[in-house]
Amino acid sequence: MSFYKAEYIWIDGTQPTPKMRSKGKVIETGKEPPIWGFDGSSTNQAPGAASDCVLNPVFVCPDPVRGGDHKLVMCEVLLTDMTPHPTNTRAGCAAMADRYKDFDTWFGIEQEYTFFDGVKPLGWPDNGFPAPQGGYYCGVGADEVFGRPIVEAHLDYCLAAGLQISGINGEVMPGQWEFQVGPASATAASDQLWLARWLLYRTGEDFNVSATLDPKPVRGDWNGAGAHTNFSTRQMRAAYEPCVAAAEALGTRADLHIANYGHRIEERLTGQHETCSYKEFRYGVSDRGASVRIPWQVAVDQKGYIEDRRPNANCDPYVVTRLILETVCGAASK
Ligand code: ADP
Ligand code: MN
Ligand code: MN
Ligand code: MN
């Protein structure tokens, strides 16, 4: 008999920011990855006396790390009665996407992150700080770029897995990088973003470098890390007025969005470093100091998409996309 290895990946119950977990299953060739279980008492998802939780596959792709016929299996967590576990935010996202499916919404998420070498960002001196920000964003050269081989390996893995990854770039703070996923539906973009995060951590293992989604990894005059979320409805892709209406709708529920866009968002959305303060809401064309940016090209074309710049790097994309659907499609349905 022949077999393949399936790495089951899920999101745990750690508060305030969940962590990713995975474990491997050997499956007979030709069989689909089945429902599986795990010990929820070790992941903050169940008491020890009733510890079983269920892993339900939602997205399966080739495993680029193991290669061959091996697979990665992104899962949602269920209770043993097959209803969503309280930590399962995907179920609410899927329900909202279904409610507003006529809008044919697309999401493209820019995931920023920071490599760490032990306790300091990769490339930083043992004592003190590197030269101030200015030359690092999209930079080139050994004095400004730290970790490119890891970024390239991660990009290759994402492509081999078949993820809709659309680009990478070096960021404003040294050791900080970004990749983009999408455009895709709320659930597809979010499933793939979580999987791409797992692949990032896994790639780092082979380089002895960790990656963090900490929204403000270094205090002071250094950029934080976000997850700008670009989105469009069918109507926005056809005309400008719905783009403006979407930005207006986001302004009516700003506090709710801020409260659900990632832990420690106040430390990042200070009004400095290309952010708008979490206490304000503002949108504008080309404005990287706004909460929501209408890209320049969209204003020229008079159609397209808008960018919600507020989500933290450590946000849960299932929650972010669910809220955007609810707020924007809800307002448009009135
Ligand atoms: P930035 O200029 O903000 O750095 P990026 O190029 O990093 O922008 O990211 C732009 C994102 O917008 C990409 O993830 C892309 O997939 C997404 N995007 C492009 N067009 C659309 C659209 N019509 N609807 C939703 N997302 C889109
Ligand atoms: Mn970007
Ligand atoms: Mn960026
Ligand atoms: Mn952006």
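What spacing do the donors of the manganese ion (ligand 4) follow along the chain? I began my notes here, keeping in mind that this is a predicted model, and I found that the donors of this ion follow the spacing E-x117-H-x78-E.

**Entry 1: the manganese ion (ligand 4).** I looked up the protein donors and found Glu 110, listed twice through OE, together with His 228 through ND1 and Glu 307 through OE, lying 2.0 to 2.5 Å from the manganese ion (ligand 4). I then placed two of these residues in the fold: His 228 lies in the loop between strand S10 (210–212) and strand S11 (229–232), while Glu 307 belongs to strand S14 (residues 306–308), so the pair ties together parts that are 79 residues apart in sequence. When I checked accessibility, I found both His 228 and Glu 307 buried.

**Entry 2: the manganese ion (ligand 2).** Here I noted coordination by Glu 110 (OE) and Glu 178 (OE), at 2.2 to 2.3 Å. This pair links distant parts of the chain, with Glu 110 in strand S6 (residues 106–117) and Glu 178 in strand S9 (residues 176–184), 68 residues apart. Glu 110 and Glu 178 are both buried.

**Entry 3: the bridges between ions.** I next asked which residue bridges the manganese ion (ligand 4) and the manganese ion (ligand 2). I found that Glu 110 does so, across a separation of 3.9 Å between the two ions. I also looked at the manganese ion (ligand 2) beside the manganese ion (ligand 3), which are 3.8 Å apart, and there Glu 178 coordinates both.

**Entry 4: the two domains.** Turning to the chain as a whole, I recorded its division into domain 1 (3–88) and domain 2 (96–332), whose centres, taken over C-alpha atoms, are separated by 26 Å. I counted the residues in the contact as 15 from domain 1 and 16 from domain 2.

**Entry 5: the character of that contact.** The area buried between domain 1 and domain 2 came out at about 1,500 Å², with carbon and sulfur atoms giving 81% of it. I looked for salt bridges between domain 1 and domain 2 and the count was 0, whereas for polar contact I found 1 residue pair, with both residues at pLDDT 80 or more. On the side of domain 1 that touches domain 2, the elements giving two or more residues are strands S1 (3–11), S2 (20–28), S4 (52–62) and S5 (71–78). Strand S4 gives the most to that side, with 4 residues.

Technical notes. Residues are numbered from 1 along each chain as its sequence is written. Chains are lettered from A and ligands numbered from 1 in the order in which they are written. This is a predicted model: local features need pLDDT of at least 70, side-chain atom pairs count only at pLDDT 80 or more; totals for chains, interfaces and linings use all residues. Side-chain values use heavy atoms; hydrogens and water are left out. Donors are N, O and S atoms within 2.8 Å of the metal (3.2 Å for Na, K and Ca); water is not among the atoms, so sites may look incomplete. Buried means under 20% relative accessible area, exposed over 50%, partly exposed in between (1.4 Å probe, protein chains only). Domain bounds come from an automatic or database domain assignment. Contact means heavy atoms within 4.5 Å. Buried area is the accessible area (1.4 Å probe) that two parts lose on being put together, summed over both. A salt bridge is a side-chain nitrogen of Lys or Arg within 4 Å of a carboxyl oxygen of Asp or Glu. A polar contact is a pair of N or O atoms within 3.5 Å; within protein, one must be able to donate a hydrogen and the other to accept it, and residues adjacent in sequence count only if both atoms are side-chain atoms.
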